[in-house]
Amino acid sequence: MNDSTDIELRKDITWLVTDESGRRLVHKRLPDDCCPRGQLHPSIQLRLQRLRELPLGSFVNLIGVERTANGIVMVSEYVVGTPLDQLPQDQISRFARDVRLAVMSMHQHGLVHGAIKPSNIIIEPAGTIRLIDPSPFLHDDPAIDLKAVNQLSPAVSAGVIAKAESNEDEHDRQYRQRTIVIAVAIAVAAIIVAVVLAYNSGA
């Protein structure tokens, strides 16, 4: 693929390019640890392949890996929007729940992002979030992501957890109520049966 470099986003690391079809892409140079002897390590290749196949609209579309003049790069779509770290704190709090849900959806597919931070969360013009720039390294501990999400907005994250726990408490309360009602109904039925039997035997 013959791409033209438009903008160097991060010196010697990330570039915004345009391919032959006019599609805007991001090239991120992979660390040397990912490419021993100039070849993509099999574990890195497998992880990137799994990330490419991730069926989530909240996750950036990975195109693949290419060898360019800048080295071996991870290629992804360019997501138009505003990085979370460029928003006021009250707006960051507003998106914290969506970020948590997106991250947990990744975990449900058996994948960890590994590099959750405000600059890797893009708010699109429509208000939807996109997680970009995942770590190429193999991460298997979801706590890495969840800890990073909590640091975005601890109060909101705590609120989401508290709400979930509150819902569980409400569920338990309703279950106990149903159990009591059933137990009372059974006891009343047993008393009625006993009275009927006693009446019939006396007659």
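How many residues lie between S4 and S5 in the hairpin they form? Select strand S4 (residues 62–68) and strand S5 (residues 71–77); the hairpin has two residues between its strands. Bear in mind throughout that this is a predicted model.

**Overview**

Before zooming in, colour the protein by secondary structure: there are four helices and eight strands. Read from the N terminus, the elements follow the order β-β-β-α-β-β-β-α-β-β-α-α. The protein has 203 residues, and 33% of them are buried. Of the contacts with a separation of 6 or more, 61% are between residues 24 or more positions apart.

**Stop 1: the S4–S5 hairpin**

Return to S4 and S5. The two strands run antiparallel and are joined by six bridges. To inspect one pair, pick arginine 67, whose bridge partner in S5 is isoleucine 72.

**Stop 2: from S5 to S3**

Keep S5 selected and add strand S3 (24–29). S3 and S5 are also antiparallel, with five bridges joining them. Lysine 28 is a residue to label here; methionine 74 in S5 is its bridge partner.

**Stop 3: S2, S3 and the loop between them**

Now add strand S2 (14–18). Five bridges connect S2 to S3, and the pairing runs antiparallel. Valine 17 can be labelled together with leucine 25 of S3, which stands opposite. S2 and S3 form a hairpin with five residues between the strands, and in this hairpin glycine 22 has a positive phi near 90°.

Stay in the loop between S2 and S3 and select aspartate 19. Is aspartate 19 buried or exposed? Its relative accessible area is 8%, so aspartate 19 counts as buried, the cut-off being under 20%. Which side chain does the side chain of aspartate 19 meet in a polar contact? Show serine 21: the two side chains make a polar contact at 2.8 Å. Then show the backbone of arginine 23, where the nitrogen lies 2.8 Å from a polar atom of the aspartate 19 side chain.

**Stop 4: the three-stranded sheet**

Hide the previous selection and show S6, S7 and S8, which form an open sheet in that order with antiparallel pairing. Strand S6 (82–83) and strand S8 (129–131) are the edge strands; each has a single partner strand, so one side of each lacks a neighbour in the sheet. Between S6 and strand S7 (residues 121–123) there are two bridges. Label proline 83 and, opposite in S7, isoleucine 122. Add helix H2 (residues 89–108), which packs on this sheet and touches S7 and S8. The direction of H2 makes about 45° with that of S8.

**Stop 5: H2 against H3**

Keep H2 and add helix H3 (residues 143–152). Two packed helices are described by the angle between their axes and the distance between the axes. For H2 and H3 the angle is about 165° and the axes are 9 Å apart. The two helices are therefore roughly antiparallel, since the cut-off for that term is over 145 degrees. Their crossing is left-handed.

To see what makes the contact, select these residues:

- On H2: Gln89, Ile92, Ala96, Val99, Arg100, Val103, Met104 and His107.
- On H3: Asp145, Leu146, Val149, Asn150 and Leu152.

With H2 still on screen, bring back S7 and S8: H2 touches both of these strands and also packs with H3.

Conventions
Residues numbered from 1 in each chain as written. Predicted model: local features only at pLDDT ≥ 70, side-chain atom pairs only at ≥ 80, totals over all residues. Heavy atoms only, no water. Pairing = 2+ DSSP bridges. Contact = heavy atoms within 4.5 Å. Axes fitted to C-alpha atoms, helices over the stretch in contact; angles between N-to-C directions. Buried < 20%, exposed > 50% of the residue type's maximum accessible area, 1.4 Å probe, protein only. Polar contact = N/O pair within 3.5 Å; in protein donor to acceptor, adjacent residues only side chain to side chain. Parallel < 35°, antiparallel > 145°, perpendicular 65-115°, else oblique. Left-handed = near helix turned anticlockwise from the far one by under 90°.
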